[in-house]
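Visitor: I am new to this structure. Could you show me how to read a few of its features?

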Amino acid sequence: MSYTVAVRALCEFTARAGDLDLRFTPAPSALEGMAGHSLVQSRRGKDYETEISLAGEYGDLRVRGRADGFDAQAGQLEEIKTYRGQIEGVRAHHRALHWAQARIYAHLLCQARGLQRLRVALVYFNVGNSEETVLVQEEDAATLRAFFEQQCALFLDWARSEAAHRAAREAALAALRFPMQGFRAGQRELAVAVYRVARAQQGGQCLMAQAPTGIGKTLGTIFPMLKAMPDQGLDRLFFLTAKGTGHGLALQALASVNRQIAEQHQPPPQEPAAPQPLPSPPAPPARLRVLAILARDKACEHPDKACHGDSCPLARGFFDRLPAARAAALQQVPWDPPAVRAVALAHDICPYYLAQELVRWSDVVVADYHYFYDSAAMLYALTQAQQWKVGVLVDEAHNLLERARRMYTAELSQFALAAARKSATGAVRKALDRLSRSWSALNKEQTASYQAHEEVPAGLLGAVQRAVAAIADANADSPMLPGDPVLDFYWEALQFMALAEQFGGHALFDVHLLPGRSGPRRTPASTLCIRCVVPAPHLAARHAAAHASVLFSGTLSPPHFYRDILGLPEGTHWLEADSPFQADQLDVQVAGHISTRYRDRDRSLRPIADLVAAQYARRPGNYLCFFSSFDYLQRVAECLQRAHPDLPVWLQTPSMDEEGRAAFLARFTEAGQGVGFAVLGGAFSEGVDLPGERLIGAFVATLGLPQVNPVNEEMKRAMDRQFGADKGYDYSYLYPGLRKVVQAAGRVIRSERDRGVVFLIDDRYRRGEVQALLPRWWRVEGMR
């Protein structure tokens with residue numbers, strides 16, 4: 001088998017050395033980089049050669065690339081790199097990589113032209129002042145050849161190992177059987193739909209699957225995607241989740257797949273026979289390399305230290321020790337956080353960044369949504385750079401809407417600007433002062449505490465851009481430390497500016513006047529926000545980058561809403577899998593005699609309390625009662641305790657921490673009795689599994705509609721403009737609200753043996769358009 005690798009990719013694998021160093025240095029943009037290369041090349045003589053295509057072989061490895069420039073008269077090959085600020089800001093591990101690239105190109109040029117010696121030059125070009133720093137080393141062809149062969153040998157060993165793993169993995173997946181005794185009801189239907197999408201010849205295929213709890217969605221999506229990997233040549237599978245519970249379920253499913261692979265490889269028992277020479281055992285199949293990425297704040301061993309060798313001992317010499325750590329990691333799978341941490345600490349390197357390095361050698365990555373969908377998403381960037389063919393599974397995909405909105409929303413506070421101005425000096429202070437004046441002028445024009453605009457004012461945006469440029473230039477000359485108010489404001493302004501450049505009908509620009517005043521004339525302070533309403537334009541490129549994407553959840557209705565708002569292509573497939581549950585398992589009652597509208601709250605307190613108490617008296621056990629706010633929850637709870645003091649009640653609180661949430665759920669035991677009060681859409685309305693007698697009923701005292709306020713009303717108007725005047729209310733209020741209701745009610749029936757009751761408390765549940773959004777297996781009845 002032959003292998004081809006680009007010079008840069010070869011050196012990134014073999015030649016990085018020194019510390020991990022993530023101190024901020026302003027980098028040139030791609031356009032600035034290209035312009036810098038062109039300017040350096042234009043300064044050379046008329047015989048200077050540029051963009052020279054070169055290639056060479058080492059065994060069955062072919063290395064190719066383009067050298068930036070060659071001056072034949074001086075005998076000098078040049079590798080051009082652009083930077084901003086001081087030359088000392090080019091980190092040591094970057095310089096090692098740059099020198100390696102230059103030497104590889106120098107060898108390839110010597111080989112192509114029969115040269116015996118060569119001057120190898122690194123040309124660092126400062127895009128800020130157009131100055132060049134040229135570093136030169138004299139090299140002979142034999143030394144360059146030895147360096148080239150050393151790098152190729154290191155890479156080729158890994159390439160062969162990876163090819164063997166890939167071949168064994170694909171053989172194992174081709175033979176893989178479903179790791180359970182059989183498919184559950186609805187699970188086979190889901191698996192078939194996923195497999196068909198994954199097997200499509202054209203990339204960018206998408207499937208939306210609404211599949212209820214209990215059918216085994218996780219394994220029902222992972223198994224068919226893995227089965228499709230060999231035929232379709234998929235390089236990686238990304239399983240993306242919104243919460244840690246999804247991580248755990250995915251890792252359990254993948255562990256069952258690996259156990260199945262191991263069992264299939266076991267030879268069948270043989271009848272005793274006469275002794276004879278045993279054949280060599282076949283090579284074991286490759287277990288799937290499953291990598292789970294933990295959030296940085298949870299994986300960091302030294303949160304009090306900065307990510308560079310002068311501060312953190314696990315960053316010092318990171319790239320020197322990385323190869324040994326990577327080799328050790330390959331001897332054990334899966335790569336869950338404890339395993340990665342153990343390997344990293346055994347080699348004195350950072351666990352979080354070891355996990356990021358292991359992405360390149362993994363088969364399956366389990367990670368949070370933002371690793372693929374965010375503007376700076378690592379998995380998406382690697383997919384593009386390495387040209388991977390990937391399958392993407394999005395767990396509980398209804399959560400992607402709000403998560404994506406947060407990813408593509410940027411906010412600037414005038415108080416943060418004031419803190420930055422107080423700390424700034426020189427040109428930065430002047431730029432921030434100009435921004436402050438432009439900002440205050442916008443505030444003076446505001447006629448209400450909240451106001452949305454059709455576009456970001458050009459004058460304001462220009463002032464933000466000039467402030468960002470001034471801070472970048474200052475930081476290049478004197479790097480700022482984490483926690484510096486100027487640097488903090490810079491990051492926020494950079495995100496704001498990036499989204500302003502992509503501003504359109506999918507977003508709002510709004511100004512919210514803040515309590516209190518600032519400035520010498522006591523003018524109002526405000527918050528500026530570019531608010532993502534419809535993340536579709538941002539997410540569409542992510543869907544297109546994957547060979548196949550499957551978004552699945554128990555609540556993805558109506559499908560056109562999620563297709564429109566998440567940027568899914570027109571040809572997206574839709575599946576509503578059959579439920580494993582029967583209608584007689586869940587008694588769904590509409591308490592239509594009660595209104596939970598804000599104006600009717602006072603009158604609703606006692607009827608809700610009596611309803612809860614009456615049901616508890618009929619069938620004592622564990623119940624959850626969901627409300628639209630903590631205030632409403634508290635008032636009903638107080639009413640219930642006054643009217644029915646013997647009924648056990650426990651409440652979710654606004655400040656409840658992880659320990660408090662665990663204690664809340666611990667009350668739901670098989671033999672327990674009482675009512676837990678919780679907020680709809682909060683920690684206890686989805687992702688909570690209370691099977692059997694641990695939960696026998698739920699009360700939902702709201703439609704879950706978002707609060708009517710100026711922001712939501714502007715989002716509704718934006719939806720009207722995007723999708724039609726008849727859709728704004730449904731897209732902004734009705735669909736998101738009913739999704740939360742169904743999720744909360746879904747806590748009651750978790751298995752085929754469960755029995756329970758759900759009370760939907762509001763007269764609007766009688767409406768046909770509302771009932772059409774409820775699960776089709778429910779049989780909804782009015783109060784008896």
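**Reading the salt bridges and the sheet**

Guide: At 26% relative accessibility, D60 counts as partly exposed, in a model that is predicted. The band for that label lies between buried, under 20%, and exposed, over 50%.

Visitor: With which residue does D60 form a salt bridge?

Guide: The partner of D60 is R160, and the closest N and O atoms are 3.1 Å apart. D60 sits in the loop between strand 2 and strand 3 while R160 belongs to helix 4, so the salt bridge ties together parts 100 residues apart in sequence. R160 is partly exposed too, at 39% relative accessibility.

Visitor: How many salt bridges does the structure hold?

Guide: There are 43. Another one joins the side chains of K243 and E686, at 4.0 Å from N to O. These two residues are 443 apart, K243 in the loop between strand 8 and helix 7, E686 in the loop between strand 21 and strand 22.

Visitor: Is E686 buried or exposed?

Guide: E686 has a relative accessible area of 7%, under the 20% cut-off, so E686 is buried. K243, with 37%, is partly exposed.

Visitor: What is the strand order in the open sheet of seven strands?

Guide: A sheet is read strand by strand, from one edge to the other. Here the order is 9-10-8-11-16-7-17, with parallel pairing. Strand 9 and strand 17 are the edges, each pairing on one side only. From one strand to the next, the twist averages 15°.

Visitor: Which residue of strand 10 is the bridge partner of L240?

Guide: That is A367. Strand 8 and strand 10 pair in the parallel sense over five bridges.

Methods:
Residues numbered from 1 in each chain as written. Predicted model: local features only at pLDDT ≥ 70, side-chain atom pairs only at ≥ 80, totals over all residues. Heavy atoms only, no water. Pairing = 2+ DSSP bridges. Helix = DSSP H or I, 4+ residues; strand = E, 2+ residues; numbered from the N terminus. Axes fitted to C-alpha atoms, helices over the stretch in contact; angles between N-to-C directions. Buried < 20%, exposed > 50% of the residue type's maximum accessible area, 1.4 Å probe, protein only.
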